[in-house]
Structures are given as C-alpha cells and as structure tokens.
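Biologist: I am new to reading protein models. Could you take me through this one, and show the reasoning behind each label?

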Amino acid sequence: MKVYRSWPRLDSYHLDTGTSKFALRATRRRRPFFGTTMPARGQRKQKPKSIAATRLPAAVPVAPKPSVFFDLHIDDMKEVGKAPGRSKSATLEMLQRRWGALRIRDLDRERLIRFGRDRAKEGAGPMTVGMDIGAIKLIVTHVAAVHGIEISAEPVQQARIALNRLGLVGKSNERDRRPAEEELLRLFARFDASPTQIIPMTRIIKFAIATAMRQEEICRVTWSDLNARTKMLTIRDRKDPRAKKGNDIRIPLLDVSGYDALA
C-alpha cells in the first residue's frame, strides 16, 4: 500500500469483537508515525476537523549544553572583529572545561557558589573569582540576547551577591609601595645565577620599571617600533578597558627611574 509522505492517511482495523478502530497514520523520514486513534462506530466517515490537526508534530528542540554557549560567544565576537584576548581566552577555556559538560539547569545559585569557594581554595583571589563569575554572566546574557536561548542570569547575580558577602569576590588590593632596591637586586641575582634561565628576566624587569609597560606589551615590541634617533617607542594595542585593538601609543624612553630603557 502506498504511503504518502506529505499527507496523513486514515487506516481502519477490524477487531474480533466485530468493531473497528481507526488510526491516523503518517510517515516521517520513511518511518511510520502513529497519531491518535478513534473509535469506529459512527465515526468511520468522519474526517479530521482540520488539516493542521493532522500534520506531524514539530520537533522538540534539544537544549544545548553550556559548552555550546562559549563557542557561540567566541564565534560571534570573532565575526565582528572583537576576538577575546589572551587573558579572556584563558578564562573562557577554563570555564568551558569546568562547566561545558553540565546541563542548563545545573547553572544554579548553589553550584555557582560552590564554584567560587573551590576557586578560592585553589588560590584565586577575590578579584579573580569576580572575573570568573562575571565571565559566566557575560556568556549567559549573550546567548540569551543574541541567540534567544531561554536562560536567566539571575542565579549568577545571586551567586555574586553571596560570594561578595562571604568575602570571596571583591576588588584587588591596591599596591601601596614599589619594590625596594634591595629586593630588586636579590631578584636580579637569582635570575642571573640560574643556569636554566633562558628568558632575560633582569633586562625585562629593568625595562618595565623604566617604561611602566606590561609584560605582554614588552614582549611584543619589535625593532621597527623603535625610533633610535628620537628615543620614541610605539606600543601596539596597548591595554585599554574599551578599545585595545588598534590602540597604538608612542612613548618616550626616558632615563628618570634609575634604569635606562635603551641600555
């Protein structure tokens, strides 16, 4: 018997009791799908009330796991030219490893608080834990707003409040002093005396003190960024809270800190 893939058909089955029953049958991907059955008496010639009622039910979407959320966010930011930097990428990779295999309903307040406690036991300070919780909230709000995934950021916010009350989330401690000259000399002696030390840490530290540049900015400098005649150095993509990409700044290499950047 021919089976139509686009339209359902009404099949009748005769029972030993002398009655019949009908089944609404359709096919989906060459496999039969059975709908609701109806009693036969007085309803053999009855037709379905509407064509819409006889169509196949829509497929129920499967809720994605949080690992998909991280991929969606990263791909979206790369598409608009705002790919995560080194530090943020490391944070997202860590969170994806720890949260990726869970289900959406597992992103609750209790589990987030436990995550904050575990991070503190691992040695993460209040600022680092706060950044981790902030990254989770960023991912959740992103997929909800951009991709329409039904997930609430309220548990994340509640967990942040709880961790803040517990002292596990907060601002970093402000540095109130610079390293003393004796401390720097001990560091230099330790690095210079190490036979396995390949990175010129002494030169990097002196250059950092002379220029107030960050480690990543120092290690990214090339000879083409230096103007030896004017003693001006171009810092590419200098750290900025809003626009790091393309934030190139020229600085003078002055000898005012006790260490010469050009030495």
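Modeller: Start with one word. A residue is called buried when its relative accessible area is under 20%. Keep in mind that this is a predicted model.

Biologist: Which residues of helix H4 are called buried?

Modeller: The buried residues of H4 are Val129, Gly130, Asp132, Ile133, Ala135, Ile136, Ile139, Val140, His142 and Val143. Each is under the 20% cut-off, so each earns the label.

Biologist: What covers the buried residues of H4?

Modeller: The cover includes helices H1 (66-79), H2 (86-99), H3 (109-121) and H5 (154-165).

Biologist: How do you know what span to expect for H4?

Modeller: Take 1.5 Å times one less than the number of residues. H4 runs over residues 126-146 and has 21 residues. The expected span is 30 Å, and the first and last C-alpha atoms lie 30 Å apart. Just after H4 comes glycine 148, with a positive phi of about 70°.

Biologist: What span should H5 have?

Modeller: H5 has 12 residues, so 16 Å is expected at 1.5 Å a residue. The end C-alpha atoms of H5 are 17 Å apart, which agrees.

Biologist: Which residues of H5 are buried, and why do we say that they line one face?

Modeller: They are Pro155, Val156, Ala159 and Leu163. Look down the axis of H5: these buried residues fall within an arc of 95°, so they line one face of the helix. Their cover includes H3 and H4. After H5 comes glycine 167, with a positive phi near 80°.

Biologist: Now the second largest pocket. How much space lies in it?

Modeller: About 600 Å³. The pocket has 18 lining residues, and the closest to its centre are Arg203, Phe207, Ile218, Trp223 and Ala261.

Biologist: What makes a residue part of the lining?

Modeller: It must have an atom within 4 Å of a pocket point. Helices H7 (201-211) and H8 (215-219) each supply at least two such residues. H7 gives the most, with 4 residues.

Biologist: How does the lining of this pocket divide into nonpolar, polar and charged?

Modeller: There are 14 nonpolar residues, 1 polar and 3 charged.

Biologist: And the whole chain: how many helices and strands does it have?

Modeller: It has 8 helices and 6 strands. Along the sequence the pattern is β-β-β-α-α-α-α-α-α-α-α-β-β-β.

Biologist: How much of the chain counts as buried?

Modeller: Of its 263 residues, 28%.

Definitions and conventions: Residues are numbered from 1 along each chain as its sequence is written. This is a predicted model: local features need pLDDT of at least 70, side-chain atom pairs count only at pLDDT 80 or more; totals for chains, interfaces and linings use all residues. Side-chain values use heavy atoms; hydrogens and water are left out. Buried means under 20% relative accessible area, exposed over 50%, partly exposed in between (1.4 Å probe, protein chains only). Contact means heavy atoms within 4.5 Å. On a 1 Å grid over the protein atoms alone, a cavity is a set of points where a 1.4 Å probe fits but cannot get out, and a pocket is an open set with protein on both sides within 12 Å along at least five of seven lines; lining residues have an atom within 4 Å of a point. Grid points are joined across faces, edges and corners, and a volume is the space filled by probe spheres set on the points. Ala, Val, Leu, Ile, Met, Phe, Trp, Tyr, Cys and Pro count as nonpolar, Asp, Glu, Lys and Arg as charged, and the others, Gly among them, as polar. The arc is that of the directions from the helix axis to the C-beta atoms.
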